[in-house]
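Please work through the exercises below with the sequence and the coordinates open beside you. Each task is followed by a solution that goes step by step.

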Amino acid sequence: RAFTRTQRMGMIARDGPTCCMPDCQIPATGCEAHHVVEHSQGGPTHIDNGALFCWYHHHMINTGVFTVTMINGTPKVTIADWIRRKPYFR
């Protein structure tokens, strides 16, 4: 269930040296590996299903503020619809 060091290095090579959240500057080496399709839902522990996020953004994903999908093998982060509908996010 845990990503290996080699898998984490593969995610860094694919996604870059920082957290996968746009504009976050936390180094990827200090980030947590996230299963895009949760392991409990049958998601594999494979770099095609993983992305590195800092603790804060990983927590925001796990609480539903952001969602992550894989688009052409690259993680894409979107803000939840229930937040986007708030007037101050338009």
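The exercises concern a predicted model, and they take up confidence, charged pairs and cysteines in turn.

**Exercise 1.** Determine which element of the protein chain has the lowest mean pLDDT and which has the highest.

*Solution.* Begin with the chain as a whole, where the average pLDDT is 92 and 92% of the residues score at least 70. Then go through the elements: helix α3, covering residues 81-84, has the lowest mean value, 75, while strand β2, covering residues 50-53, has the highest, 98.

**Exercise 2.** Find how many salt bridges the whole structure holds, and describe the side chains that take part.

*Solution.* The search of the whole structure returns one salt bridge. Its partners are R14 and D15, whose side chains meet at 2.7 Å, N to O, which lies within the 4 Å cut-off. As for accessibility, D15 is partly exposed at a relative accessible area of 22%, and R14 is likewise partly exposed, at 27%.

**Exercise 3.** Establish how many disulfides the structure contains, and examine C31 and C54 in this light.

*Solution.* The search of the whole structure finds zero disulfides. For C31, the nearest cysteine sulfur is that of C19, 4.7 Å away, and C31 is in no disulfide. For C54, the closest cysteine sulfur belongs to C24 and is 3.9 Å away, too far for a bond, because a disulfide requires sulfur atoms within 2.5 Å. Finally, consider accessibility: C31 is buried, with a relative accessible area of 5%, and C54 also counts as buried, at 7%.

Methods:
Residues numbered from 1 in each chain as written. Predicted model: local features only at pLDDT ≥ 70, side-chain atom pairs only at ≥ 80, totals over all residues. Heavy atoms only, no water. Buried < 20%, exposed > 50% of the residue type's maximum accessible area, 1.4 Å probe, protein only. pLDDT = per-residue confidence, 0-100. Helix = DSSP H or I, 4+ residues; strand = E, 2+ residues; numbered from the N terminus.
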